[in-house]
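User: I'd like to go through this model label by label and hear what backs each one up. Can you show it first?

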Amino acid sequence: MDLKDAIRTIPDYPKKGILFRDITTLMGDAPAFRRAVDELVQPWPGSKIDKVAGIEARGFILGGAVAHQLSAGFVPIRKKGKLPHETVRIAYSLEYGVDEMEMHRDAVKPGEKVILVDDLIATGGTAEAAARLLKDIGADVVAAVFVIDLPDLGGRRRLEALGVPVRTLVSFDGH
Ligand code: AMP
């Protein structure tokens, strides 16, 4: 089974020129979903990962499954204003303008080993901000894992420059 075949591509969404890589078809395909989660966690069998941090929103679905598989806790990283308790926040650049993401200040204790999860890495701006947020509160970010890499956009290098190893399962040329 090729995981790539389970991912649907939608041209010109959300705007002209973008090939949107729709992971909902993979998540709806039981063998493909299981295989993706198994492959994402494959380097860490039996190792003590404390927390899995998922980036809103598709990172929550994959991250919850990854956390369960690793017997780790799950930590949501959300768009600002959604979390009820005291948060730490970071601004990051989007294609147009900036946005902010946040997590609960007490969600990760200093020194805890954390794996960051999202569906796709493109420019790496989103994941870099999430990794910085985790590092700022003292997390040991062991890796960042994604089902899909768009290698032409260079996201992997941005995370590696922060000292965070990157694991991806399939890649697509272009953006
Ligand atoms: P970036 O910050 O540029 O690495 O963008 C990553 C975030 O945007 C992830 O949360 C992705 O879900 C989403 N994203 C970016 N490009 C695409 C694409 N071509 N198809 C689907 N999602 C994308």
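Analyst: Let's start with the vocabulary: helices (H or I, at least four residues) and strands (E, at least two) are DSSP runs, numbered from the N terminus. The model is predicted, so local features need pLDDT of at least 70 and side-chain atom pairs count only at pLDDT 80 or more, while totals for chains, interfaces and linings use all residues. Residues are numbered from 1 along each chain as its sequence is written, and side-chain values use heavy atoms, with hydrogens and water left out.

User: Where is Ala 57, and what makes the peptide bond before Ala 57 stand out?

Analyst: Ala 57 is in the loop between strand E3 (51–55) and helix H3 (58–69). The bond from Glu 56 to Ala 57 is cis, with omega near 0°. There's also a cis bond from Tyr 13 to Pro 14, where omega is near -5°. That proline is in the loop between strand E1 (8–11) and E2.

User: Why is Asp 12 called partly exposed?

Analyst: Asp 12 has a relative accessible area of 41%. Buried means under 20%, exposed means over 50%, and partly exposed is what's in between, using a 1.4 Å probe and protein chains only. The value of 41% falls in that middle band, so "partly exposed" it is. Asp 12 is in the loop between E1 and E2, and its phi is positive, about 60°, although it isn't a glycine.

User: What makes Ser 71 exposed?

Analyst: Its relative accessible area is 65%, which is over the cut-off, so Ser 71 is exposed. Ser 71 sits in the loop between H3 and strand E4 (73–79). Here too phi is positive in a residue that isn't a glycine, at about 50°.

User: And Gly 46: buried or exposed?

Analyst: Exposed, with a relative accessible area of 85%. Gly 46 belongs to the loop between helix H2 (30–41) and E3.

User: Why does Val 141 get the opposite label, buried?

Analyst: Val 141 comes in at a relative accessible area of 6%, under the limit, so it's buried. Val 141 is part of strand E8 (residues 140–149). From Val 141 to Leu 162 is 21 residues in sequence and 9.7 Å in space, C-alpha to C-alpha.

User: On to H4. How do you know what span to expect for this helix?

Analyst: The expected span is 1.5 Å times one less than the number of residues. H4 (residues 125–136) has twelve residues, and its first and last C-alpha atoms are 16 Å apart, close to the 16 Å expected. After H4 comes Gly 138, with a positive phi near 95°.

User: Why is Glu 128 called buried?

Analyst: Glu 128 has 12% relative accessibility, which is under the cut-off, so the label is earned. Glu 128 is in helix H4, whose buried residues also include Ala 127, Leu 133 and Leu 134.

User: What makes the Glu 128 and Arg 132 pair a polar contact?

Analyst: A polar contact is a pair of N or O atoms within 3.5 Å; within protein, one must be able to donate a hydrogen and the other to accept it, and residues adjacent in sequence count only if both atoms are side-chain atoms. The side chains of Glu 128 and Arg 132 meet at 2.8 Å, so they pass the distance cut-off.

User: Which protein atoms pair up with the ligand?

Analyst: A polar backbone atom of Leu 19 is 3.0 Å from a ligand nitrogen. An N or O atom in the Asp 119 side chain is 2.8 Å from a ligand oxygen. A backbone N or O atom of Gly 124 lies 2.7 Å from a ligand oxygen. On its own the ligand exposes 490 Å², of which the protein buries 81%. Areas come from the Shrake-Rupley method with a 1.4 Å probe; for residues, only the protein chains shown count as cover.

User: How many residues surround the ligand, and which element gives the most to that shell?

Analyst: There are 14 residues around the ligand, and the closest include Arg 58, Asp 119 and Thr 123. Being near takes a heavy atom within 4 Å. Strand E2 (19–22), strand E7 (113–121) and H4 each give two or more residues, and E7 gives the most, with four.
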